[in-house]
Amino acid sequence: MKAIHRIIDRARADPQRIALCEAEDPRVLLAAQRAIAEGVAHPILVGDRHRITASADDASVDLRGITLFDPEGAEFAEPFAEELFRLREAKGMSRGTAATEVRKPLCFANMLVRMGHADGSVSGAEHTTADVVRSAIQLIGLDPACKLVSSFFIMMLCEPFHTVKGGVIFTDCGLVIDPDDCQLAEIAMAGADSASTLLLEEPRVAMLSFSTSGSAHHPAVDKVVRATEMVRQRRPALAIDGDVQLDAAIVAEIAAKKIAHSQVQGHANVLVFPSLEAGNIGYKLAERVGGAKAIGPLLQGLRKPANDLSRGCSADDVFHVIAVTVVQAQAAKRLASIEVSL
């Protein structure tokens, strides 16, 4: 079974409430309708009620069973504004500005998540990544176990011609431009957690470089080596190789020749790129030349899930990100329940 089908099945087993702030977009409406029809999520459409209804009519989308919140006049608007003012007062936000901001769909959707009325959010079909990430960090906040929000793609390698099979996490391909060694270690650990949550596999992490086991000497290689050691110190049970070239990360025969005592043995399912430049090029090569299906960009390191979309996304892409967000929300709830019991 393809990894995305496993994700959809797991979402269907325990649907979560997912806020969608670009609800006038026909791609989002079609994805929400599909999420309801397949029992994957409980979508919450956020925006102007009349424009959403008109767009749904134009797209022949049935809104029955889908919750709709119009920030103008919504019962939550006043408490949301007060909470936003409390959060941002130290940054100079006034109560009047807070009242204005919560009426914007992106802000309102993430406040739904913050205040427990939704379990996750999906946006980016129309908003920029910068706006999506900024709102998520400010309103939903960082996971206490993380120091950094980063992004990843699930690359689906499921075609007969793929020599590597299944889902592979590519990180970071869309957010942190030039991570230092500490940030790279955080990205690697978050990527490992994403693999555990979404792929249902033990993570096997490759810290990519143009060097394998010290075959080249350069500050860029040293950064990867230091980051790898940081991860090993904090997660001694995690299978991780670094510094490692891509071929040694994903081809067992090459790993056996190049890496003594490899923990990953050429079967990496988490590829950690040393920079955004490398990651962005890498995932697009895998997608456009290698025929992989890219799901994302997705965010990791937040207290509750809030995921980004490409502005060129299709309705299928939106649906898949909704399903991923549901599974992330399930995991966040499990972790929260464990922490409460402790």
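**Entry 1: Lys 333 and its partner**

I looked up Lys 333 and found it partly exposed, with a relative accessible area of 42%. (Buried is under 20% relative accessible area, exposed is over 50%, and partly exposed lies in between, with a 1.4 Å probe and protein chains only.) I noted that this is a predicted model, where local features need pLDDT of at least 70, side-chain atom pairs count only at pLDDT 80 or more, and totals for chains, interfaces and linings use all residues. Residues are numbered from 1 along each chain as its sequence is written, and side-chain values use heavy atoms, without hydrogens or water.

Next I checked what Lys 333 pairs with. It forms a salt bridge with Asp 119, with 3.2 Å between the closest N and O atoms. (A salt bridge is a side-chain nitrogen of Lys or Arg within 4 Å of a carboxyl oxygen of Asp or Glu.) The two residues are 214 apart and link distant parts of the chain: Lys 333 sits in helix H13 (residues 315–341), Asp 119 in the loop between helix H6 (105–114) and strand E4 (120–123). (Helices, H or I with at least four residues, and strands, E with at least two, are DSSP runs numbered from the N terminus.) Asp 119 counts as buried, at 8% relative accessibility.

**Entry 2: other salt bridges**

I counted the salt bridges in the structure: 25. I then picked out Arg 235 and Asp 193, whose side chains meet at 3.1 Å, N to O. Arg 235 is in the loop between helix H9 (219–234) and strand E8 (239–244), and Asp 193 is in helix H8 (residues 181–198), so this pair ties together parts 42 residues apart in sequence. Arg 235 is partly exposed at 28%. Asp 193 is partly exposed at 36%.

Inside H9 I found Glu 229 bridged to Arg 232, with the closest N and O atoms 2.9 Å apart. They are 3 residues apart in the helix, so about one helical turn separates them. Glu 229 is partly exposed at 36%, and Arg 232 is partly exposed at 28%.

I also logged a network of salt bridges: Asp 9, Arg 12, Arg 34, Glu 38 and Asp 316 are linked in it.

**Entry 3: strand E8**

I moved on to E8. It is mostly covered, with 5 of its 6 residues buried. Strand E7 (residues 204–208) runs parallel to E8 and is joined to it by 5 bridges. (Strands pair if DSSP finds at least two bridges between them.) I saw Met 207 opposite Gly 242 in E8. E7, H9 and E8 make a right-handed β-α-β unit. (Right-handed: with the strands pointing away from the viewer, the path from the first strand over the helix to the second runs clockwise.)

**Entry 4: Ala 3**

I looked up Ala 3 in helix H1 (residues 3–13). It counts as buried, at 1% relative accessibility. Leaving aside neighbours within four places in sequence, it is in contact with Met 156, Gly 167 and Leu 199. (Contact means heavy atoms within 4.5 Å.) I took the C-alpha separation of Ala 3 and Met 207: 23 Å, with their positions 204 residues apart along the chain.

**Entry 5: the largest pocket**

I closed with the largest pocket, of about 880 Å³. It is lined by 35 residues, and Asp 143, Leu 302, Ala 331, Ala 332 and Leu 335 are the closest to its centre. (A pocket is an open set of points on a 1 Å grid over the protein atoms alone where a 1.4 Å probe fits, with protein on both sides within 12 Å along at least five of seven lines; lining residues have an atom within 4 Å of a point. Points are joined across faces, edges and corners, and volume is the space filled by probe spheres set on them.) H13 gives the largest share of the lining, 10 residues. H8, strand E10 (293–300) and H13 each supply at least two.
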